[in-house]
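Student: Before we go through this model, could you show it to me, and then let me ask how each label is earned?

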Amino acid sequence: MPELVIVHKEFPHFDARGFLTKKRTTGNISSIPVFVIGDFSTDELMEFKKENVTAFLSSPIDPNALTERLYLFFKIVPPPPNKNTPMIVDINSRGKIIIVQIEGNLEAGKIELCNYLVRAYCDQKKIKAPRLFIIIPSLFPENITKDNIERLFNFTTYPELDIQPHNIKILTNQREVISILKRNEVYEKFEIVKNYFEGIQNLMVDFDKEKKVPVEFLKPGSHYIFDLFDKTGNRIIPALTMVNEEILETLRQKNLTHLTYYSEETIKEIDVELEEIESVPELNQLYNILLAEYEPIDSEMSSVKIWDEKHSLFFQNIQGKKVLIITEDNSLHQVIVNALEMYFEIIISRSEKETETLISQQDFIVVFLDSNLKTSSPIELLAIIRKHATRRKTSVIIVAQKIDKASVVRFRNSGTDNIIVAPFSPGKIRQKIFESVTQDRKK
């Protein structure tokens with residue numbers, strides 16, 4: 001008999017709600033608690049709560065958040081933080097190109113999370129044929145093993161992705177990494193590049209995407225990040241060559257009206273003005289300009305937020321403390337309870353008098369104050385809270401469907417600048433607690 005059931009609300013060919021209803025009426029399994037994964041309206045939260053649902057997890061699932069919930073549910077003491085140098089992972093993207101930089105250790109769990117983020121990003125953006133640029137500046141030698149390298153490139157096995165070996169570029173000087181790649185019949189087809197620019201340039205070249213640029217558009221002082229060819233395929237202007245009047249005059253003498261490059265990018269996206277780099281002679285500055293055009297994957301995917309060791313340790317340390325919710329809105333109350341009930345003792349207040357009694361007699365690490373109260377003034381309630389508790393003792397988070405600048409100033413002047421605005425999600429609520437408590441304790 002299982003001690004816990006984890007089910008996705010929208011699993012194909014599976015009626016989650018029907019399953020939970022049947023479970024409730026089946027004696028020997030009716031009491032088994034359930035975690036449900038998915039996106040939920042407030043009404044759905046209320047309905048699922050009746051079916052012995054213990055936790056709601058946002059979709060797509062964050063593996064670290066799930067692990068954290070399992071530790072709490074089964075009352076398992078989580079392993080201590082790794083005291084070794086951590087595995088540092090930085091993932092950025094631009095369209096189909098995903099850049100992954102890894103340093104330090106190779107940790108199995110973080111490698112799996114890295115693969116998960118790549119997979120989830122491709123699913124969200126509906127990318128079937130991503131291009132990967134893996135940068136490995138340095139690793140501890142003992143971590144460079146065949147198993148770890150195979151785990152790192154596990155994304156190549158995902159059935160929904162069509163990743164061609166020539167669309168994976170590796171930038172590293174780690175000899176053992178290169179050696180392991182060369183000994184694998186699949187990995188040996190990955191290209192080892194000499195520098196950052198070469199890797200990006202090769203990934204951006206798309207021979208199925210031919211673009212023509214009129215010679216009259218070429219500007220003196222520009223550097224184009226792709227080779228420019230004439231109609232017969234001869235390379236006329238090598239990549240990164242500065243265009244000058246002499247080159248342009250040669251093109252005119254040859255009666256060349258157009259040149260060709262291969263990429264999805266526009267001519268504006270592939271040129272870098274001379275004044276942008278002339279003050280710094282190092283080519284690395286040009287790399288930085290190119291890199292700045294890429295966006296971190298976690299900002300593209302706010303719903304996929306890695307629950308890192310810092311957050312986990314924070315919530316372990318404050319587990320069991322009291323949180324007060326001041327609201328007249330049952331649905332808002334339920335959303336906050338769903339996000340926090342596994343971590344805190346949660347108390348609700350619905351009046352000014354009740355709030356003052358609670359604040360004066362009990363210690364709360366956080367108070368959620370609804371800005372849309374109808375029977376009380378949120379500003380007056382905030383003043384009451386601050387009469388009994390400083391920011392270093394109690395963080396107050398204003399919860400708003402929407403808010404204007406004037407209200408933000410009033411709340412700040414009255415004792416808090418911690419504000420969370422709809423839409424709300426469990427991850428967003430917990431992140432706001434982390435930010436608020438951390439910052440307020442410094443004041």
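What follows is a conversation about ring pairs, burial and side-chain contacts.

Tutor: This is a predicted model, in which local features need pLDDT of at least 70 and side-chain atom pairs count only at pLDDT 80 or more, while totals for chains, interfaces and linings use all residues. Residues are numbered from 1 along each chain as its sequence is written, and side-chain values use heavy atoms, with hydrogens and water left out.

Student: What makes Phe-35 and Phe-73 an aromatic pair, and which geometry does the pair have?

Tutor: Rings of Phe, Tyr and Trp (its six-membered ring) pair if their centres lie within 6.5 Å, and planes under 30 degrees apart count as stacked, over 60 as edge-to-face and the rest as tilted. The centres of Phe-35 and Phe-73 are 5.6 Å apart and their planes 75 degrees, so the two rings pair edge-to-face. A search of the whole structure finds 15 aromatic pairs.

Student: Why is this pair said to tie together separate parts?

Tutor: Because Phe-35 belongs to strand β2 (residues 34-37) and Phe-73 to helix α3 (residues 63-73), the pair joins parts that are 38 residues apart in sequence. Helices (H or I, at least four residues) and strands (E, at least two) are DSSP runs, numbered from the N terminus.

Student: Are Phe-35 and Phe-73 buried or exposed?

Tutor: Buried means under 20% relative accessible area, exposed over 50%, and partly exposed in between (1.4 Å probe, protein chains only). Phe-35, with 0%, is therefore buried, whereas Phe-73, with 21%, is partly exposed.

Student: Why is the pair of Phe-153 and Phe-190 called tilted?

Tutor: The centres are 5.2 Å apart and the planes 50 degrees, which is neither under 30 nor over 60, so the pair of Phe-153 and Phe-190 counts as tilted. Phe-153 lies in the loop between α5 (146-152) and β7 (168-172), and Phe-190 in the loop between α6 (175-182) and β8 (191-192), 37 residues apart. Both Phe-153 and Phe-190 are buried.

Student: How do you know that Asn-167 is buried?

Tutor: Asn-167, in the loop between α5 and β7, has 11% relative accessibility, and therefore counts as buried.

Student: What makes Arg-183 exposed, and which side chain does Arg-183 make a polar contact with?

Tutor: Arg-183, found in the loop between α6 and β8, has 60% relative accessibility and so counts as exposed. A polar contact is a pair of N or O atoms within 3.5 Å; within protein, one must be able to donate a hydrogen and the other to accept it, and residues adjacent in sequence count only if both atoms are side-chain atoms. The side chains of Arg-183 and Ser-179 make such a contact at 2.5 Å.
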